[in-house]
Amino acid sequence: MSPDDRTLGPLARDRFKKAGIMASLALVMAAGVVSPATAAARAMAERPQVTAAPGKGDKCKPSPSQHKPKPHHRVSPTGDKELCKGPTGPTGPAGATGATGATGATGATGATGATGATGPTGSTGSPGATGPCIDIDAYHPQGNVEYRAALTADGRYYAGIRDLTGSQANPMLWTDLSTHEGYPAGGAAGVPCAAAVGEHPTSGGIQFDLITTTGRVYEITCRFDNNGPNPAILQCGTPTGNDWVEMNRRPAPNAVNGGTVVT
């Protein structure tokens, strides 16, 4: 028979209850019914809950009978929770910020992306300035002479002759025909843009022709001169005595044996 709880102090009652729990645990284990862990769990479940007796004060305060008081420790019945925790202390100051690390090395360049699609075709630009007219023609009727007609970028027209007789090669001799009257020099007539040379059988002369940028055709005739013992030359008269003459018809679109009459 257990002593009367009322005749025992709190410490004695607690020790008495612990002894009863240990005895119950030993009996269960001796019977071999359950494992030690299970027996301990059951014994703890059967342990009576210890509560503070009314009027006994705060059990978490230090005992006044101790020379150096220490705080009591109270745990939950399962032993996993402290019931006499003190108040939470103030939050400590924030730690110092660490130094910034060094910048890492630059990564390798990535691969070149695929070529994009071709863009739409742009609009046609405005026409550029007209380029200079340059042309040349040759006529070689016999084995003893040859002729040339040359139009240069500066708009000048030259008639050339070379005598092929003799044991030595003779030079090509040039005469500037752009100084002669009637030579087209712009405006409605246009400027010379192509040159031609050929023989004029009825007059025995050499005929030089040109066409202008406005489609007009002009001609002038020079005579062959064997020049005695010297290389042959052209006789084209003076600039005011042998004029360029526009042909009596101009080329016309869709013409057949016709053309535009010169007035």
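**Figure 1. The S1–S2 hairpin, with aspartate 137 bridged to alanine 149 in S2.** In this predicted model, strand S1 covers residues 135–142 and strand S2 covers residues 145–151. Six bridges hold the two in antiparallel register, and the hairpin they make has two residues between the strands. Look for tyrosine 139 and tyrosine 147 here too: their ring centres sit 6.1 Å apart with the planes at 20°, and since planes under 30 degrees apart count as stacked, this pair gets the stacked label. How buried or exposed are the two tyrosines? Tyrosine 139 comes out as partly exposed at 22% relative accessibility, while tyrosine 147 is buried at 3%. Burial means under 20% relative accessible area, so tyrosine 139 misses that label.

**Figure 2. The open sheet S1-S2-S3-S4, with antiparallel pairing.** Four strands make up this sheet. Why is one side of S1 and of S4 left without a neighbour in the sheet? Both stand at the edges and have a single partner strand each, so there is nothing from the sheet on the other side. On average, neighbouring strands here are turned by 20° against each other, ignoring direction. At the S4 end, strand S3 (residues 157–163) pairs with S4 through four bridges, again antiparallel. S4 itself spans 173–176. To get your bearings in that pairing, find isoleucine 161, whose bridge partner in S4 is leucine 173.

**Figure 3. A salt-bridge network of Glu146, Arg148 and Arg162.** Which residue do the two arginines share? Glutamate 146 is the one: its side chain meets arginine 148 at 3.3 Å, N to O, and arginine 162 at 2.3 Å, N to O. The link to arginine 162 ties together distant parts of the chain, with arginine 162 in strand S3 and glutamate 146 in strand S2, 16 residues apart. Glutamate 146 is buried, with a relative accessible area of 6%. Its partners are labelled otherwise: arginine 148 is partly exposed at 21% relative accessibility, and arginine 162 is partly exposed at 29%.

**Figure 4. The salt bridge between arginine 156 and aspartate 176.** The side chains meet at 2.8 Å, N to O. Arginine 156 sits in the loop between S2 and S3, whereas aspartate 176 belongs to strand S4. The two are 20 residues apart, so to speak distant parts of the chain that this pair links. Arginine 156 is partly exposed, with 34% relative accessible area. In total, the model has four salt bridges.

**Figure 5. Strand S6 between its antiparallel partners S5 and S7.** How many of the residues of S6 are buried? Seven of its eight residues (205–212) are, so to say the strand is mostly covered. Eight bridges join S6 to strand S5 (residues 192–200), and alanine 194 has isoleucine 211 of S6 as its bridge partner. Seven bridges join S6 to strand S7 (residues 217–225), where glutamine 207 is matched with threonine 221 in S7. S6 and S7 also form a hairpin with four residues between them, and glycine 215 in the turn shows a positive phi of about 85°.

**Figure 6. Aspartate 209, a buried acid in strand S6 with no salt bridge.** Where is the nearest side chain of opposite charge? That side chain is arginine 250, 14 Å away; a salt bridge calls for a nitrogen within 4 Å of a carboxyl oxygen. Leaving out residues up to four places away in sequence, aspartate 209 touches Tyr157, Ala194, Ala195, Ala196, Tyr218, Glu219 and Trp244.

**Figure 7. The aromatic cluster of Tyr157, Tyr183 and Trp244.** The structure holds three aromatic pairs. Two members of this cluster, Tyr157 and Trp244, also turn up among the contacts of aspartate 209.

**Figure 8. The whole protein, with two helices and 11 strands.** Walking from the N terminus, the elements read α-α-β-β-β-β-β-β-β-β-β-β-β. Of the 263 residues, 19% count as buried. Among contacts between residues at least 6 apart in sequence, 37% join residues at least 24 apart.

Conventions. Residues are numbered from 1 along each chain as its sequence is written. This is a predicted model: local features need pLDDT of at least 70, side-chain atom pairs count only at pLDDT 80 or more; totals for chains, interfaces and linings use all residues. Side-chain values use heavy atoms; hydrogens and water are left out. Two strands pair if DSSP finds at least two bridges between them. Buried means under 20% relative accessible area, exposed over 50%, partly exposed in between (1.4 Å probe, protein chains only). Axes are lines fitted to C-alpha atoms, for helices over the stretch in contact, and angles run from 0 to 180 degrees between N-to-C directions. Lys and Arg count as positive and Asp and Glu as negative; His and the chain ends are not counted. Contact means heavy atoms within 4.5 Å. Rings of Phe, Tyr and Trp (its six-membered ring) pair if their centres lie within 6.5 Å; planes under 30 degrees apart count as stacked, over 60 as edge-to-face and the rest as tilted.
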